[in-house]
Amino acid sequence: MIWDGGCQCGMIRFQLLEDPLVVYACHCHDCQKQSSSGFGISVWISIEDFRLVSGVLSSWITQADSGDMKECSFCADCGSRIYHSGIGGTGILSVKGGSLDEMGRLKPIAHIWMQSAQPWMRTLLDGEMLFDAQPDNFEELIHAYREQAGY
């Protein structure tokens, strides 16, 4: 199923050509700053399944809380973050969930970087899959997400 998305001002439009590999909520400091909220929604997609339909993305490089370097791609007109990608050819884009037209179709499978989460978040997440930092391996999350999504 194709997922449509774009930036806040409408200059950037894109499509995800396949369903996400995994969806999770990230509570790291970068995601809090980037989303101007308590967390960000990360939607993993293979780079070949992302299609830029209109506009030109700008980018900058920063160091994540994990210590890894990441490229942050955004709309130069309105500043809306579209995706992050790891430096070094992971082949995965972490699309920002709020940039999708139908964000309500997303259901995060886990919450990561809970050590940075706002204190009031923990009480809201009772019974959820929680990680204090970034998981060593995302395979468990990908598997759980695929089971939950029914594919």
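**Salt bridges, pockets and surface features**

In the predicted model, Asp101 is partly exposed, with a relative accessible area of 46%. The partner of Asp101 is Arg13, with which Asp101 forms a salt bridge whose closest N and O atoms are 2.6 Å apart. This pair links distant parts of the chain, since Arg13 belongs to strand 2 (residues 13-16) while Asp101 lies in the loop between strand 9 and strand 10, at a separation of 88 residues. Arg13 is likewise assigned to the partly exposed class, because its relative accessible area is 27%.

The structure holds 3 salt bridges. Another of them is formed by the side chains of Asp30 and Lys70, with an N to O distance of 3.5 Å. Asp30 is located in helix 1 and Lys70 in strand 7, so this salt bridge ties together parts of the chain that are 40 residues apart in sequence. Asp30 counts as partly exposed at 22% relative accessibility, whereas Lys70 counts as buried at 11%; the assignments follow because the buried class ends at 20% relative accessible area. A salt bridge also joins the side chains of Glu102 and Arg105, at 3.9 Å from N to O. Both of these residues count as partly exposed, Glu102 at 47% relative accessibility and Arg105 at 30%.

Turning to the pockets, the largest pocket encloses about 600 Å³ of space. Its lining comprises 29 residues, of which Tyr24, Trp44, Asp68, Gln134 and Phe138 are the closest to the centre. Two or more lining residues are given by each of strand 3 (22-26), helix 1 (29-35), strand 4 (40-46), strand 7 (69-75), strand 8 (81-86) and strand 9 (92-96). Strand 9 supplies the largest share of this lining, namely 4 residues. When the lining is divided by residue class, 14 residues are nonpolar, 9 are polar and 6 are charged.

For the second largest pocket, the computed volume is about 270 Å³, and 17 residues form its lining, with Gln34, Lys96, Gly97, Gly98 and Ser99 the closest to its centre. Helix 1, strand 4 and strand 8 each contribute at least two residues to the lining of the second largest pocket, and the composition of that lining by class is 5 nonpolar, 10 polar and 2 charged residues.

On the surface, a nonpolar patch is formed by Ile61, Met69 and Ile87, which together have about 280 Å² of accessible area. Within this patch, Ile87 is placed in the loop between strand 8 and strand 9 and counts as partly exposed, at 45% relative accessibility.

Backbone geometry was also examined. Ser36 has a positive phi of about 55° although it is not a glycine; Ser36 is situated in the loop between helix 1 and strand 4, and it is exposed, with a relative accessible area of 71%. A positive phi, of about 60°, is likewise found at Trp113, which is not a glycine either. Trp113 occupies the loop between strand 10 (111-112) and helix 2 (119-124), where, in contrast to the exposed Ser36, Trp113 is buried, with a relative accessible area of 9%.

A further contact in space concerns Ser54, a residue of strand 5 (residues 50-54), which is partly exposed with a relative accessible area of 27%. Although Ser54 and Met11 are separated by 43 residues in sequence, their C-alpha atoms are 6.9 Å apart in space.

Technical notes:
Residues numbered from 1 in each chain as written. Predicted model: local features only at pLDDT ≥ 70, side-chain atom pairs only at ≥ 80, totals over all residues. Heavy atoms only, no water. 1 Å grid on protein atoms, 1.4 Å probe; cavity = no way out; pocket = protein on both sides within 12 Å on 5 of 7 lines; lining within 4 Å. Points joined across faces, edges and corners; volume = space filled by probe spheres on them. Nonpolar A, V, L, I, M, F, W, Y, C, P; charged D, E, K, R; others polar. Patch = residues over 30% accessible without salt bridge, like charges linked within 9 Å, V, L, I, M, F, W, Y side chains within 5 Å. Areas by Shrake-Rupley, 256 points an atom, 1.4 Å probe, with all protein chains shown as cover. Salt bridge = Lys/Arg side-chain N within 4 Å of Asp/Glu carboxyl O. Buried < 20%, exposed > 50% of the residue type's maximum accessible area, 1.4 Å probe, protein only.
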